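Subject: Structure handover

Hello,

Here is the structure you are taking over. Please keep it open while you read the notes below.

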Amino acid sequence: MALHASSLPPKRPPTLPEQIAATLADQGWCVTDDFLPPLLVCQLRQEAQQRWQAGHFRRAGVGRGAELRLRDEVRTDRVAWLDPEALSAAQRLYWAEMEQLRLALNQMLFLGLYALEAHLAVYPPGTYYRKHLDQFRGIGARTLSCVLYLNEAWQEEDGGALRIDTEPEAPERSLAVLPKGGRLVTFFSARFLHEVEPAQRERFSLTGWFKRRPGPRG
Ligand code: OGA
Ligand code: MN
């Protein structure tokens with residue numbers, strides 16, 4: 001019997017979060033341009049610049065809890081955490097879009113992600129973040145790293161590329177991603193070593209991590 005068209009589920013193109021989830025399922029990392037509209041990226045950038053000029057950023061540390069240390073040989077960027085209870089209108093729009101991504105990831109990849117933590121980061125000229133994993137010694141709940149860039153008209157010669165070891169067996173074939181405004185880079189936190197190369201100009205980003213509830217074995 002021929003299947004009647006009306007008995008099929010309605011076809012619609014996949015949403016951006018669904019496309020990201022599908023790519024992550026396939027290769028574990030994903031680079032998405034225009035994740036947010038340019039006007040919103042501009043608003044987020046201006047707010048970040050204001051907070052930076054007002055002195056709200058702090059030196060970023062390495063490690064967690066009592067082991068948190070400032071380590072210049074590892075990273076020299078500055079960060080300002082987002083308070084989910086006190087988001088600006090622009091940050092609320094970012095948060096809502098990230099929530100769509102969280103739901104798509106849980107639906108399609110059964111990741112059980114439950115919370116987002118996010119900070120603004122600025123890399124003044126010459127600063128860097130050496131090769132690292134976003135999961136602290138393989139423990140901790142950070143599951144997916146999501147870096148959204150806020151920079152206007154970033155050029156190759158501005159430096160500041162994010163370098164990801166997408167092929168752990170062949171680090172020489174690492175992927176270089178320029179921090180262009182509106183671009184979102186996502187990757188599984190425990191799987192990919194990555195580093196931020198020194199930039200020639202101030203480099204702004206909004207970095208989020210989706211966390212998973214620790215299982216019975218932590
Ligand atoms: C980080 C990080 C990458 C980037 O904050 O852990 O790796 O491109 N950021 O800013
Ligand atoms: Mn990182």
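How many bridges join strand 7 to strand 10, and in which sense do the two run? Strand 7 (residues 162-164) and strand 10 (residues 194-196) run antiparallel and are joined by 3 bridges. One bridge partner pair is Ile164 with His194 in strand 10.

Some ground rules come next. This is a predicted model, in which local features need pLDDT of at least 70 and side-chain atom pairs count only at pLDDT 80 or more, while totals for chains, interfaces and linings use all residues. Residues are numbered from 1 along each chain as its sequence is written, chains are lettered from A and ligands numbered from 1 in the order in which they are written, and side-chain values use heavy atoms, with hydrogens and water left out. Helices (H or I, at least four residues) and strands (E, at least two) are DSSP runs, numbered from the N terminus. Two strands pair if DSSP finds at least two bridges between them.

The sheet with strands 7 and 10

Strands 7 and 10 belong to an open sheet of 4 strands with the order 5-10-7-8 and antiparallel pairing. Strand 5 (129-132) and strand 8 (175-177) are its edge strands, each pairing on one side only. From one strand to the next, the twist averages 15°.

The sheet of 7 strands

The other open sheet to look at has 7 strands in the order 1-9-6-11-4-3-2, and its pairing is antiparallel. Strand 1 (29-32) and strand 2 (58-59) each have a single partner strand, so one side of each has no neighbour in the sheet. Strand 1 pairs with strand 9 (residues 184-188) over 4 bridges, in the antiparallel sense. Within this pair, Cys30 is opposite Thr186 in strand 9.

Helix 2 (residues 38-53) packs on this sheet and touches strand 3 (78-81), strand 4 (113-123), strand 6 (142-149) and strand 11 (203-212). Contact here means heavy atoms within 4.5 Å. The direction of helix 2 makes about 100° with that of strand 11; angles run from 0 to 180 degrees between N-to-C directions, and axes are lines fitted to C-alpha atoms, for helices over the stretch in contact. Helix 3 also packs on the sheet, touching strands 4, 6, 9 and 11, and its direction makes about 135° with that of strand 4.

Why is strand 11 largely enclosed by the rest of the structure? Of its 10 residues, 8 are buried (under 20% relative accessible area, with over 50% exposed and partly exposed in between, for a 1.4 Å probe and protein chains only). Strand 11 runs antiparallel to strand 4, with 10 bridges between them, and Arg212 in strand 11 is the bridge partner of Leu113. Strand 11 also pairs with strand 6 in the antiparallel sense, over 7 bridges; there Leu148 stands opposite Leu206.

A buried arginine

Arg183 lies in the loop between strand 8 and strand 9. Its relative accessible area is 12%, so Arg183 counts as buried. Apart from neighbours within four places in sequence, the contacts of Arg183 include Asp33, Asp34, Leu148, Tyr149 and Val177.

Two helices

Helix 1 (residues 16-27) packs against helix 3 (residues 89-109) at an angle of about 45°, and their axes are 8 Å apart. Helix 1 is therefore oblique to helix 3 (under 35 degrees would be roughly parallel, over 145 roughly antiparallel, 65 to 115 roughly perpendicular, and the rest is oblique). Residues of helix 1 in this contact include Ile20 and Leu24, and those of helix 3 include Leu101 and Leu105.

Regards
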